[in-house]
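Student: Can we go through this protein together, a bit at a time? I'd like to learn how to read it.

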Amino acid sequence: MNLMIVDDERLTRETLATLIDWQKLGISEVELASDGMEAIEKSKSIRPDILITDVRMPIKDGMKLAEEFVCLYPECKILFISGYSDKDYLFNAIKLRANAYIEKPIDPDQVVNAVEIAIAEIKKDRENKALDIERQEMIRQDFIRKLLSGDIFLSKKIALKAGFSYENKKWYAETTYLADDNDSSALLEALNEYKTLSDVYVCKAGRFIHIITTNMMIGLQKILPNVANNINMELYVGTASGMGGIEIGNKALNESVEAAKNAYYFAKKTVDFESILDNESLKYCEFETPDSLFTSPKDTKLMITAICNKLIDCEGMSRSFAKDTIFKICSNIVSEAKLYNIPYTPLSREPQALWKWLNQWDTISDLREALIDAFDLIVVKTDKSTHVRRAIEFIEQRIGDCNLSISMVAAHLGLNQSYFCTLFRKEMKKTVGKYITGRRMLKAKSFLSESNTHIKDVAWLVGYVDVAWFIKRFKQTYNMTPSEFKDRCG
C-alpha cells in the first residue's frame, strides 16, 4: 500500500516519515508533500491508499485537498492532523468520512493505531469489492445462460436485478468457437476490460464464449475480432443483431451461436448470421458428379476436394446445404460400391447412420479428409495390388486386437516386413503404422458418438490396453480429448 504525508512544516512531515516503521505496517511507499497543490500532482504517480494531511496549509489547505481526494481516489483513507481543536474542522472531517483527527503535538503510537485501522478497513473494502465483482459476474453469466435456453421470464428477472437495461434497444451478440479450449483463459483475461462495463455480458459455455450488449458503440466495435488481434489468437466469430426487447436478445444470441458454428465449419474469421443464405437461395451452388466414381479414382478424389473447397469459398454458404451436398456424394459412393460387391466401407450404411457419420466432423476440412479416406478404402479393394488389399482387409478384421502390428500383417501375407512396408507406402502414400492409427481413430470416433459407450471400452475396442495412451493419440489426431468429443456429440 502507498501512503502520502502532507504538511507545510518540513520537520513534522519528515519526522513522521522516518520515525514510524512503515514497512512493518505494510506500507511499501511513502510520499511527502508540502501543500495541497504539490500533493495532488504527486498523487498521480503513486495513487495513495492512505492520506495523512495537516488541516491548515498555504495555497490549498487539508480540507480542500481531502475533498479532491474523495473525488479522485474514493477508496483512499484520510487522516487529519492539526494543532487546532476547532469544531468546524472536526465537523468537516466527519462530513468527509475521515478515519481519524489527530491533534498536535503528534503521538506516533496514535498515528500507528490510526493507520492500522485504516489498513484493516482497506483490506475489508477490497474483499467486499472482490465479492461484489464475483457476484456480478455470476449474475452476468446466469443471464446469458438463461437467455440462451430461451427462459425469457427468468432472463428478465436477472437482467433487472443486474440493472441491465434492454427494452427497445438494439441487441448485439457475438459468439466465438474455440478450436482449442486451452485458449479460453487467455481470451477471457483479455475480455476483462469489457466484462466490467454496464450492459456488456460475457459468458463461457463449453467451447463457446458469448458476448451480448445493448451498447451500440461497443457492439459496433466487434469485440471478439479486435481482442483476437491483440492477443494473436485465431477465433471463429459469429455475430447477430436485432432491435427489440429481451425476446430479440434471445434470438440474436442463438443466431450468433449458429453463425459461429458456420465460421468454424468453413474456417471463416467472422460470419454474420444475416449473411447465411437458406438452401433455396443456394441452388446456384449445385454440383455434378461423374457417371462413374471408380473409372478414375484420382479424378473422383480431385472432384471431392474441389466441391468441398467450393463450398468453403462460397459466400453465404450454410452448413446444412454443405452437408446436403456431401450427403449426395456419399450416397453415390455407397450406391456404386455395391456394384463392386464391397461389403465394408464407412459409408455403406443406412441414410440415418450416414447423416450421423457426416455430423461427427466439426469442420468441412475434416469431413473432406474423412470422405477421401473412406473413398480410398473402396478404391483399395478395386485398384490396389493383391498384397495391399489383403493387408487392409486383415487390418480391418484385427483393428481391435491390441497385438496388431506391422510384423503380424507381413507374416499373414507371407512377405518380408521391409518389402511389405515399402510396397504399402508406395501404394497408400502413408506408412502402415500411420494407416493403422488413422483407422483406429476413425473407429474410435464412431464408437464415441454412441451415447452409451465409455472411453475405456472404446480404447479396448480399437486395440488400446493403455487408456491414457489412447487419449493422447486421440487428442494428437483431433485436437480434443475423447470426453470433449463425446460432449459435442451430445
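Tutor: Sure, and one term before we start: a polar contact is a pair of N or O atoms within 3.5 Å, where one must be able to donate a hydrogen and the other to accept it. Keep in mind that this is a predicted model.

Student: Which side chain does the side chain of His210 join in a polar contact, and at what distance?

Tutor: Start with where His210 sits, which is strand β8, residues 208-213. His210 touches Ile144, Leu148, Tyr201 and Leu253, among others further off in sequence. Thr175 is also one of the residues His210 touches. The side chains of these two, His210 and Thr175, are joined by a polar contact of 3.0 Å.

Student: Is His210 buried or exposed?

Tutor: Buried means under 20% relative accessible area. His210 counts as buried because its relative accessible area is 2%.

Student: Okay, what about Phe394: buried or exposed?

Tutor: Phe394 belongs to helix α17, residues 386-397. Leaving aside neighbours within four places in sequence, Phe394 is in contact with Leu404, Met408, Val409 and His412. The relative accessible area of Phe394 is 5%, so the verdict is buried.

Student: How many Å separate the C-alpha atoms of Phe394 and His412?

Tutor: Along the chain, these two are 18 residues apart. In space, His412 is in contact with Phe394. Their C-alpha atoms are separated by 8.2 Å.

Student: Which element gives the largest share of the largest nonpolar core?

Tutor: That core has 41 residues, and Ile304, Leu311, Ile326, Phe470 and Phe474 have the most contacts inside it. The elements giving two or more residues to it are α13 (297-313), α14 (319-339), α15 (351-359), α16 (364-383), α20, α21 and α22. The largest share, 7 residues, comes from α14.

Student: How many residues are in the other core?

Tutor: This one lies apart from the largest core. Its members include Ile5, Leu16, Ile50 and Ala114. The count for this other core is 20 residues.

Student: Why are the buried residues of α23 on the same side?

Tutor: Helix α23 covers residues 482-489, and the buried ones are Pro482, Phe485 and Lys486. They sit on the same side of α23 because they cover an arc of only 100° around the axis. In general, an α-helix has 3.6 residues a turn, so residues three or four places apart point the same way. What covers the buried residues of α23 includes α20 (432-448), α21 (455-461) and α22 (467-478). So the value behind the same-side placement is an arc of only 100°.

Student: Which peptide bond is cis?

Tutor: Most peptide bonds are trans. Look at the loop between β5 (100-103) and α6 (108-149), where Pro105 has its place. With omega near 0°, the cis bond runs from Lys104 to Pro105.

Student: Where does Lys429 lie, and what is its phi?

Tutor: Lys429 is in the loop between α19 (417-428) and α20. Its relative accessible area is 70%, so Lys429 is exposed. Most residues other than glycine have a negative phi. Lys429 is not a glycine, yet has a positive phi of about 65°.

Student: And what is the relative accessible area of Asn479?

Tutor: Asn479 is in the loop between α22 and α23. Although not a glycine, Asn479 has a positive phi of about 60°. Asn479 is partly exposed, with a relative accessible area of 37%.

Note on methods: Residues numbered from 1 in each chain as written. Predicted model: local features only at pLDDT ≥ 70, side-chain atom pairs only at ≥ 80, totals over all residues. Heavy atoms only, no water. Buried < 20%, exposed > 50% of the residue type's maximum accessible area, 1.4 Å probe, protein only. Helix = DSSP H or I, 4+ residues; strand = E, 2+ residues; numbered from the N terminus. Arc of directions from axis to C-beta. Contact = heavy atoms within 4.5 Å. Core = buried A, V, L, I, M, F, W, Y, C linked by side-chain atoms within 4.5 Å.
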